[in-house]
Amino acid sequence: MKTRLQAVVSLLVAALSLVGAASAQRTELARTPPMGWNSWNHFRINIDDATIRAQADALVKRGMRKAGYQYVVIDGGWEGFHDEQGNFHSDPQKFPDMKGLIDYIHGLGLKVGIHTTPGPKTCAGREGSYGHEKQDAELFAQWGIDFVKYDWCTAGQVYQLDQMQAVYKKFADALAATGRPILLSLCQYGMQDVWKWGASIGAQMWRTTNDIEDNYYQMMFIGLGQNGLEKYAGPGHWNDPDMLEVGNGKMKDEEYRAHMTLWSILAAPLFAGNDLTNMSAVTLEILTNPEAIAVDQDSAGVQGRRVWQEGPTEVWIKPLGDGSKAVAAFNRETRPMEVPLNFAELSLPASIQARDLWAHKDLGTFQQSMTITVPGHGSALLKVKSAAAR
Ligand code: GAL
């Protein structure tokens with residue numbers, strides 16, 4: 001016979017292992033930063049069944065799935081209404097058969113995401129999940145949804161800011177209760193230091209800032225502003241500086257390359273936000289650069305940080321799982337600038353081998369320092385390892 005103490009201990013152990021299993025499952029949902037495509041940056045609310053199918057098809061045909069882009073996220077614009085029984089219906093004109101669409105995307109070997117809000121209305125004034133959280137979570141699970149972006153939007157009309165954590169946890173718990181593994185992406189623009197509590201309520205990623213724009217200055221402001229948040233990211237839980245604008249047309253190629261370099265060095269979720277059915281070869285090359293993606297998706301899951309700065313130039317480093325380091329340099333000046341890399345100052349080995357991850361070229365061995373020329377509004381992305389370690 002077990003003593004009372006033994007019984008209590010074994011109950012505790014069982015409970016702890018359940019909690020441990022749940023948290024391991026949550027980590028598995030996003031062991032590396034999630035990758036996919038999201039409708040918002042290009043299409044805004046002008047989406048329908050045909051648009052989403054075409055993007056999913058293009059994602060496969062243009063080789064993006066193969067490069068690692070996995071989720072097709074239907075952002076704001078799909079919503080219809082809640083009926084008298086509280087069932088959420090998609091917009092009957094634009095999305096007549098949500099389940100059919102989701103099955104279609106799954107059939108392509110992709111996963112599906114959807115957007116909703118704890119508020120009564122989405123940011124675009126459409127139906128939200130307020131008062132229907134549990135039922136909506138169950139519906140999403142029945143539909144086969146794999147990813148929910150839960151966006152604060154109008155929730156401020158019905159909740160106080162200090163209720164935000166509880167509001168997000170309520171939905172995370174409702175998703176968990178469905179039994180379907182569904183990735184939870186928080187979107188509340190970085191309020192309440194979300195990076196400090198996002199993981200603990202069960203989310204895999206959380207937006208840290210206001211919306212990105214297809215504009216070099218806004219993109220760099222958001223991306224560089226991530227410095228200091230690195231300790232909150234890691235396997236299973238990621239800071240999200242918002243979706244990519246690469247290919248949306250208002251930045252130059254070098255600026256888009258800097259965007260991809262910065263998001264990769266940050267271990268940021270990579271959600272393409274352009275029209276995949278109408279994408280130039282350069283856009284595709286930037287979005288699918290396997291060496292930049294490998295930096296982003298590195299198994300160690302460390303978010304890079306700024307290690308050097310002088311005027312408009314700066315250097316960031318991200319330690320990689322194989323003991324090497326990714327080094328990114330940025331130049332916010334419009335003309336090319338030389339960026340000195342002093343190895344001692346950057347805590348790099350005295351003798352290193354360097355590889356250029358945009359040119360896909362080994363640059364050779366360098367002692368003590370090297371200088372790289374970074375194009376105006378551009379970036380450099382290198383992988384460096386100790387020349388001693390062969
Ligand atoms: C914003 C969000 C955008 C997009 C939009 C949809 O709050 O930051 O990424 O989801 O809502 O209305």
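Here is a short dialogue on reading a sheet and a pocket in a predicted model.

Biologist: I can see arrows side by side. In what order do the strands of the open sheet stand, and how do they pair?

Modeller: Start by following the arrows from one edge across to the other. In this predicted model, the open sheet has 8 strands in the order 9-8-7-6-5-2-1-10, and their pairing is parallel.

Biologist: Which strands stand at the edges?

Modeller: Look for strands with a single partner. Here these are strand 9 (238-240) and strand 10 (270-272), so each has one side left without a neighbour in the sheet. As you step from one strand to the next, the twist averages 25°.

Biologist: Let me zoom in on one pair. How many bridges join strand 6 to strand 7?

Modeller: Strand 6 (residues 147-151) and strand 7 (residues 183-187) run parallel and are joined by 5 bridges. To follow one of them, find F147, whose bridge partner in strand 7 is L183.

Biologist: Now the pockets. What volume does the largest pocket have, and how many residues line it?

Modeller: Its volume is about 310 Å³. The lining is made of 18 residues, and those nearest the centre are R26, A172, L175, A176 and G202.

Biologist: Which elements give two or more residues to that lining?

Modeller: They are helix 1 (4-28) and helix 7 (164-177). Helix 7 contributes the most, with 5 residues.

Biologist: And what classes of residue make up the lining of the largest pocket?

Modeller: Sort the lining residues by class and you get 9 nonpolar, 5 polar and 4 charged.

Methods. Residues are numbered from 1 along each chain as its sequence is written. This is a predicted model: local features need pLDDT of at least 70, side-chain atom pairs count only at pLDDT 80 or more; totals for chains, interfaces and linings use all residues. Side-chain values use heavy atoms; hydrogens and water are left out. Two strands pair if DSSP finds at least two bridges between them. Helices (H or I, at least four residues) and strands (E, at least two) are DSSP runs, numbered from the N terminus. Axes are lines fitted to C-alpha atoms, for helices over the stretch in contact, and angles run from 0 to 180 degrees between N-to-C directions. On a 1 Å grid over the protein atoms alone, a cavity is a set of points where a 1.4 Å probe fits but cannot get out, and a pocket is an open set with protein on both sides within 12 Å along at least five of seven lines; lining residues have an atom within 4 Å of a point. Grid points are joined across faces, edges and corners, and a volume is the space filled by probe spheres set on the points. Ala, Val, Leu, Ile, Met, Phe, Trp, Tyr, Cys and Pro count as nonpolar, Asp, Glu, Lys and Arg as charged, and the others, Gly among them, as polar.
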